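This report covers a nonpolar core, the contacts of one residue, and two backbone angles. The structure comes next.

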Amino acid sequence: MSKERIFENHRKTAETEIYCKVNIDGKGLSEINTPIPFMSHMLEQISKHSYIDLYIRCSGDVEIDAHHTIEDLGWCIGEAINNALSNKAGINRFAS
């Protein structure tokens with residue numbers, strides 16, 4: 001593949017601040033730092049089993065609840081993956 005499928009994203013709101021970097025063609029390496037241990041664990045598993053390198057630094061208002069942090073993580077990671085995939089050439093649906 002000639003073009004690297006890597007994207008960095010930063011999201012800052014009143015409730016959260018998140019930095020993420022994804023490498024679609026990685027090795028399943030991760031460096032995850034969120035204030036929600038189970039969320040960190042699940043993101044590590046996604047990275048490991050999908051072979052997508054995932055680096056995340058996250059802070060959020062978890063003393064209120066985890067909702068904003070999880071929601072904003074989803075936005076930030078999803079946007080990074082979408083941008084890293086660029087024109088999505090060569091991607092097929094499951095079982096295509």
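Is Lys-88 buried, partly exposed or exposed? Lys-88 counts as partly exposed, at 34% relative accessibility; buried means under 20% relative accessible area, exposed over 50%, and partly exposed in between, with a 1.4 Å probe and protein chains only.

## Basis

This is a predicted model, in which local features need pLDDT of at least 70 and side-chain atom pairs count only at pLDDT 80 or more, while totals for chains, interfaces and linings use all residues. Residues are numbered from 1 along each chain as its sequence is written, and side-chain values use heavy atoms, with hydrogens and water left out.

## Nonpolar core

The largest nonpolar core (buried Ala, Val, Leu, Ile, Met, Phe, Trp, Tyr and Cys residues joined through side-chain atoms within 4.5 Å) has 18 residues. Those touching the most other members are Cys-20, Val-22, Leu-43, Leu-54, Ile-56, Leu-73 and Ile-77. Two or more residues come from each of strand S2 (16-23), helix H1 (37-50), strand S4 (53-60) and helix H2 (67-85). H2 gives the most, with 6 residues. Helices (H or I, at least four residues) and strands (E, at least two) are DSSP runs, numbered from the N terminus.

Leaving out residues up to four places away in sequence, Leu-54 touches Lys-21, Val-22, Leu-29, Ser-30, Glu-31, Ile-32, Leu-43 and Ser-47, where contact means heavy atoms within 4.5 Å.

## Positive phi after H2

Ser-86 lies in the segment after H2. Ser-86 is not a glycine, yet its phi is positive, about 55 degrees. Ser-86 is partly exposed, with a relative accessible area of 39%.

Lys-88 is also found in the segment after H2. Its phi is near 65 degrees, a positive value in a residue other than glycine.
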